[in-house]
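Trainee: I have a new model on screen and want to learn to read it. Where do we start?
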Amino acid sequence: MVSNDDLLEMYRRMARIRQFEQAAAKLYKNTEIPGFVHLSIGQEATAVGACRHLRDDDAITSTHRGHGHCLAKGLDVEPMFAELMGRSTGTCRGRGGSMHIADPQRGIFGANGIVGAGIPIAVGAATAAQMRGEGAVALSFFGDGAVAQGMFHEAVNLAAVWDLPIVFFCENNNYSEFSRAADQHRAGLEARAAGYGIRYAHVDGNDVVAVSELMDGLIAGLRRGDGPVLVEAETYRWHGHYEGDPQRYRTEEELVEWKRRDPLTLARARMAEAGIEARTADEIDAEIAREIEAAVAAAREAPYPDPSSLHDHVWAERPEVPEPAPADGPVFRTMDAVREAVAYELTHDDDVFVAGIDVGAGGNVFGLFRGLADDFPGRVRDTPISESAIVGTAVGAALAGMRPVVEVMYMDFVTVCMDMLVNQAAKLRFMTGGGASMPLVVRTQFGAGRSSGSQHSQSLEAMLAHVPGLTVVMPSDPADTYGLLRAAIRDPNPVVFVENRLLYGKKGPRPAPDHLVPLGKARVVRPGSDITLVSYSRMLREALAAAEEVAAEGIDVEVIDLRTIAPLDRATVLESLHRTHRLVVAHEGVQDFGVGAELAALAAGEGFWHLDAPVVRVAPPAVPAPYSPPLEKEWLPDQDVIAGALRRVAGGEPR
């Protein structure tokens with residue numbers, strides 16, 4: 001039963017959202033808001049009714065039309081206005097703007113400019129809640145248009161498989177941007193819920209009491225262990241898809257009809273039925289108006305971020321890790337190093353968990369994790385074949401304070417989940433002004449040379465390294481694999497950890513259990529005086545062999561293992577170039593626009609006066625990895641090709 005106090009509080013929250021949005025519309029029209037604005041006027045009841053029963057430790061994800069959700073979950077109006085205006089006092093220090101408002105400390109994991117992107121992130125938050133067992137839940141707001149996204153399917157299916165405590169809350173406002181929802185889908189949400197094997201509930205999204213009563217029961221059930229539920233709340237947005245939208249796709253008569261069902265008017269009617277005088281609501285409106293006016297005035301006076309802060313919040317500060325002593329234990333394999341590093345962190349940190357396709361019962365496609373699921377029940381989890389949901393779950397779990405280690409089976413498959421890597425994991429810390437924590441690892445592997453073909457052989461590190469905020473690690477031996485992977489799991493930044501499958505059986509000395517290798521630091525693995533040869537991953541072995549080959553001819557090659565591709569250890573490369581005056585770079589990624597190109601630019605820019613010869617890149621041509629063995633051998637450089645390049649550079653021959 002809803003009390004009078006409940007009615008008044010829900011009305012107050014809706015009035016705050018309504019007046020906030022009305023003020024935002026004016027500010028945008030007056031060019032005081034520099035970016036896009038998507039308003040939720042007419043949809044206040046869904047936000048307030050859905051969030052009313054949430055605790056501080058519950059998480060929500062939102063849409064690009066997310067102001068109302070943030071306010072309903074407890075954000076203050078003044079920093080929100082400041083954020084819309086791009087001021088340093090904004091919720092996200094002016095880094096996010098309207099579409100990216102967030103406050104992870106309050107369980108607000110962010111509005112999102114990518115349609116549907118919040119859904120798998122909420123699954124991650126629900127995963128963290130389930131693993132902690134403290135009764136927290138997740139709620140994902142999305143519009144009817146997001147149902148067409150693959151991320152929606154992947155996330156709902158994964159939540160169903162894992163039986164997570166999550167509400168998928170669809171604000172069906174009848175339009176997907178400019179298109180009617182009826183023209184976008186052939187199956188309704190009730191049928192979709194049945195297809196996923198989860199519960200479904202429908203509610204009048206303009207009746208805040210109806211939404212609140214429904215959500216009260218659903219959230220209480222989730223706290224007791226009920227599985228996921230899909231809620232469809234029918235509502236309507238009064239403004240266009242964005243401010244300035246000409247709205248040629250709907251009629252004025254339709255808008256007038258929906259305005260008759262204004263959520264605030266309906267709430268006032270319920271208040272009148274409960275004996276609450278109309279002047280009480282009027283007083284609330286006046287009080288909110290003063291609050292909004294003061295907040296706008298304060299936001300206008302707030303400073304813009306100092307230009308010197310441009311580089312802030314891209315990375316979380318890394319703990320200092322000294323270079324360890326060389327490993328000298330019994331011989332073990334790279335595949336052992338991967339398993340032992342993950343097992344060590346699972347043992348010593350309850351916030352670490354592992355998820356991916358066949359990593360549990362199957363022990364990983366290469367058997368790296370065989371038996372690990374039995375050793376750590378519930379913390380090594382199989383997933384459906386859903387890369388976006390897998391990485392999105394990692395993002396949401398990291399926001400919730402976990403340290404997920406998720407696997408994308410082949411490096412080629414990261415292209416399937418690029419949004420979660422590029423627009424979410426890499427950017428959320430920056431867009432929240434440092435508010436988002438993102439300690440996650442995406443493990444993957446690659447490796448040409450065994451006729452795996454064009455879709456299972458790619459070395460895509462240059463593409464990933466181009467994204468600010470992502471750390472990209474590619475080890476070359478067992479000890480570094482162990483130490484770098486442990487460092488990656490402990491790191492506060494999102495790390496893509498790339499193994500070469502042709503190295504899994506390679507052997508080397510086992511390091512001590514506490515062995516850690518610093519991220520972002522290259523290593524000189526062979527000192528030399530004539531040429532600097534930079535490489536990483538499996539190609540480093542070919543580079544070392546080539547260096548030994550030409551050493552017999554009097555050419556002394558210094559070999560550097562980058563280990564971390566991004567951030568790039570420029571200092572170690574430049575120091576070596578200062579001594580040798582010649583640079584060769586060898587890698588398995590195709591030559592054009594690759595890591596070698598970046599190092600060549602570094603040499604030409606900061607090392608120009610030390611160069612005595614042109615920089616030479618040794619890499620596959622810009623052709624997809626071939627399947628046929630003779631073609632693949634022609635395509636993939638080896639020891640002989642690298643040695644030939646070293647001889648040419650030593651002899652001063654042109655490329």
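Mentor: With a definition: two strands pair if DSSP finds at least two bridges between them. Keep in mind that this is a predicted model.

Trainee: How many bridges join strand β3 to β7, and in which sense do the strands run, parallel or antiparallel?

Mentor: Six bridges join them, and the strands run parallel. β3 covers residues 166-172. To find the register, take Val167: its bridge partner in β7 is Val229.

Trainee: Which other strand pairs with β7?

Mentor: Strand β6, residues 199-204, pairs with β7 over six bridges, in the parallel sense. Here Asp204 has Glu234 in β7 as its bridge partner.

Trainee: Is β7 enclosed or open?

Mentor: Count its buried residues; buried means under 20% relative accessible area. Five of the six residues of β7 (residues 229-234) are buried, so the strand is largely enclosed by the rest of the structure.

Trainee: What do β6, helix α8 and β7 make together?

Mentor: A right-handed β-α-β unit. The helix in it, α8, takes up residues 208-224.

Trainee: How do I check the length of α8?

Mentor: Use 1.5 Å a residue. The 17 residues of α8 should span 24 Å, and the end C-alpha atoms are 24 Å apart, which agrees.

Trainee: What should I look at around the two ends of α8?

Mentor: At the start, look at Asp207: a side-chain oxygen reaches to within 3.1 Å of the backbone nitrogen of Val209. After the helix comes Gly225, with a positive phi near 115°.

Trainee: Which residues of α8 are buried?

Mentor: First the general idea. An α-helix has 3.6 residues a turn, so residues three or four places apart point the same way. Now the case: the buried residues of α8 include Val208, Val211, Met215, Leu218 and Leu222. Val209, Ser212, Ile219 and Gly221 are buried too.

Trainee: How does helix α18 read by the same checks?

Mentor: Length first. The 13 residues of α18 (residues 478-490) should span 18 Å at 1.5 Å a residue; the end C-alpha atoms are 19 Å apart, which agrees. Then the cap: Asp477 sits at the N-terminal end, with a side-chain oxygen 3.2 Å from the backbone nitrogen of Ala479. Then burial: 12 of the 13 residues are buried, so α18 is largely enclosed by the rest of the structure. Among them are the charged-type names to pick out on screen, Asp480 and Arg486.

Trainee: Which residues have the most contacts inside the largest nonpolar core?

Mentor: The general idea: in soluble globular proteins, nonpolar side chains tend to be buried together. Here the largest core has 86 residues, and those with the most contacts inside it are Phe142, Ile166, Phe168, Leu421, Leu562 and Leu599. Helix α14, residues 387-399, gives the most to this core, with eight residues. Another core lies apart from it, with 66 residues, among them Leu7, Phe20, Leu222 and Leu264.

Trainee: What is Leu599 in contact with?

Mentor: Leave aside neighbours within four places in sequence. Leu599 is then in contact with Val534, Leu562, Leu568, Val573, Leu583 and Val585.

Trainee: Is Glu44 buried or exposed?

Mentor: Glu44 is buried, with a relative accessible area of 0%. This residue is found in helix α2, residues 44-51. A polar atom of the Glu44 side chain lies 3.1 Å from the backbone nitrogen of Gly42. Not counting residues up to four places away in sequence, Glu44 touches Met14, Ile17, Arg18, Pro263 and Leu264.

Trainee: And Glu634, buried or exposed?

Mentor: Glu634 is exposed, at a relative accessible area of 67%. Look for Glu634 in helix α22, residues 629-635.

Trainee: What backbone features should I flag?

Mentor: Most residues other than glycine have a negative phi, and most peptide bonds are trans. Now the cases that depart from this. Asp163 has a positive phi of about 60° although it is not a glycine. Asp163 lies in the loop between α6 and β3. Asp358 also has a positive phi of about 60°, and is found in the loop between β9 and α13.

Trainee: Which peptide bond is cis?

Mentor: The one from Ala566 to Pro567, with omega near 0°. Pro567 lies in the loop between β19 and α20.

Terms used: Residues are numbered from 1 along each chain as its sequence is written. This is a predicted model: local features need pLDDT of at least 70, side-chain atom pairs count only at pLDDT 80 or more; totals for chains, interfaces and linings use all residues. Side-chain values use heavy atoms; hydrogens and water are left out. Helices (H or I, at least four residues) and strands (E, at least two) are DSSP runs, numbered from the N terminus. The expected span of a helix is 1.5 Å times one less than its number of residues. Buried means under 20% relative accessible area, exposed over 50%, partly exposed in between (1.4 Å probe, protein chains only). A polar contact is a pair of N or O atoms within 3.5 Å; within protein, one must be able to donate a hydrogen and the other to accept it, and residues adjacent in sequence count only if both atoms are side-chain atoms. A crossover is right-handed if, with the strands pointing away from the viewer, the path from the first strand over the helix to the second runs clockwise. A nonpolar core is a set of buried Ala, Val, Leu, Ile, Met, Phe, Trp, Tyr and Cys residues joined through side-chain atoms within 4.5 Å. Contact means heavy atoms within 4.5 Å.
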